[in-house]
Amino acid sequence: GFSFSAILANLTMAVDERIAAGVFFMGGGHIHKIFAHCEGNDLQQARRELRRRLRWTNLHFEYKLRGPLRPVDPLRLASLLRDRPVLLADSMVDAVIPRESRRDLRRALGEPERIRFVIGHRASFFSLTPLGFNYSTRKIRRFFIENL
């Protein structure tokens, strides 16, 4: 899964033992922080308007989201994946998934193999295409061949 789909793939793999290996590309934990702080998309504009109307800070918004989003936070179930092959991909300059979210998910998963980028969240997608020389596609293919 890529981005939000990486979060869904993480949760799905945790609750379905038939999934033998997974690749979580540009995902993370602390889903309440992701929703409260991600930049550069429609969610940011909607959050800004909601905060303005309710007179909330970003931290207040994050706090309000924590409880309702806890059941779908990948960190909650990450320990179920520690014995299964996982490949992570993340970016050191991701404006969508906070650093803490990326770091804590990787730790909770047991420090799995990782592809690391110095380009942003959206630009990393190109590494899966001919525009990015299929760099990540080749890494993912190798990962599945070695682990399945």
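How many bridges join E1 to E2? Four bridges join these strands, which run parallel. Helices (H or I, at least four residues) and strands (E, at least two) are DSSP runs, numbered from the N terminus.

## The model

This is a predicted model, in which local features need pLDDT of at least 70 and side-chain atom pairs count only at pLDDT 80 or more, while totals for chains, interfaces and linings use all residues. Residues are numbered from 1 along each chain as its sequence is written, and side-chain values use heavy atoms, with hydrogens and water left out.

## The sheet

Three strands make up an open sheet with parallel pairing, in the order E1-E2-E3. Strand E1 (22-25) and strand E3 are the edges; each has a single partner strand, so one side of each has no neighbour in the sheet. From one strand to the next the twist averages 15°. Axes here are lines fitted to C-alpha atoms, for helices over the stretch in contact, and angles run from 0 to 180 degrees between N-to-C directions. Two strands count as paired if DSSP finds at least two bridges between them. Strands of a sheet pair through backbone hydrogen bonds, either parallel or antiparallel.

Strand E2 (residues 86-91) is joined to E3 by five bridges, and these two strands run parallel. Leucine 88 is opposite arginine 114 in E3. On the E1 side, phenylalanine 25 is opposite alanine 89 in E2.

In a regular strand the side chains alternate between the two faces of the sheet. E1 is covered on both faces: Gly22 and Phe24 on one side, and Val23 and Phe25 on the other, are all buried. Buried means under 20% relative accessible area, exposed means over 50%, and partly exposed is in between (1.4 Å probe, protein chains only).

## The nonpolar cores

A nonpolar core is a set of buried Ala, Val, Leu, Ile, Met, Phe, Trp, Tyr and Cys residues joined through side-chain atoms within 4.5 Å. The largest one has 23 residues, and Phe24, Leu81, Val86 and Leu109 touch the most other members. At least two residues of this core come from each of helix H1 (4-15), helix H2 (31-37), helix H4 (58-69), E2 and helix H6 (99-108). H1 gives the most, with five residues. Another core, of ten residues, lies apart from this one and includes Ala21, Ile115, Phe117 and Phe143.

Contact means heavy atoms within 4.5 Å. Leaving aside neighbours within four places in sequence, phenylalanine 24 is in contact with residues including Ala6, Met13, Leu81, Val86 and Leu109.

## Two helices

Helix H3 (residues 42-54) has 13 residues, which at 1.5 Å a residue should span 18 Å; the end C-alpha atoms are 18 Å apart, so the two values agree. The expected span is 1.5 Å times one less than the number of residues. Arginine 55, just after H3, has a positive phi of about 60°.

In H6, the buried residues are Ser101, Arg102, Asp104, Leu105, Arg106 and Ala108. The buried residues of this helix pack against H1, H2, helix H5 (74-77), E2 and E3. Glycine 110, just after H6, takes a positive phi of about 90°.

## Residues in loops

Histidine 121 is in the loop between strand E3 (113-117) and helix H7 (135-147). Histidine 121 is buried, with a relative accessible area of 4%. Its side chain makes a polar contact of 2.8 Å with the side chain of serine 3. A polar contact is a pair of N or O atoms within 3.5 Å; within protein, one must be able to donate a hydrogen and the other to accept it, and residues adjacent in sequence count only if both atoms are side-chain atoms. Leaving aside neighbours within four places in sequence, histidine 121 is in contact with Phe2, Ser3, Met26, Asp94, Val96 and Ile97.

Serine 127 is also in the loop between E3 and H7, and counts as buried at 6% relative accessibility. A polar atom of its side chain lies 2.7 Å from the backbone oxygen of serine 124. Asparagine 134, in the loop between E3 and H7, is partly exposed, with a relative accessible area of 27%. Asparagine 134 has a positive phi of about 55° although it is not a glycine. Methionine 26, in the loop between E1 and H2, has a phi near 65° and is buried, with a relative accessible area of 1%.
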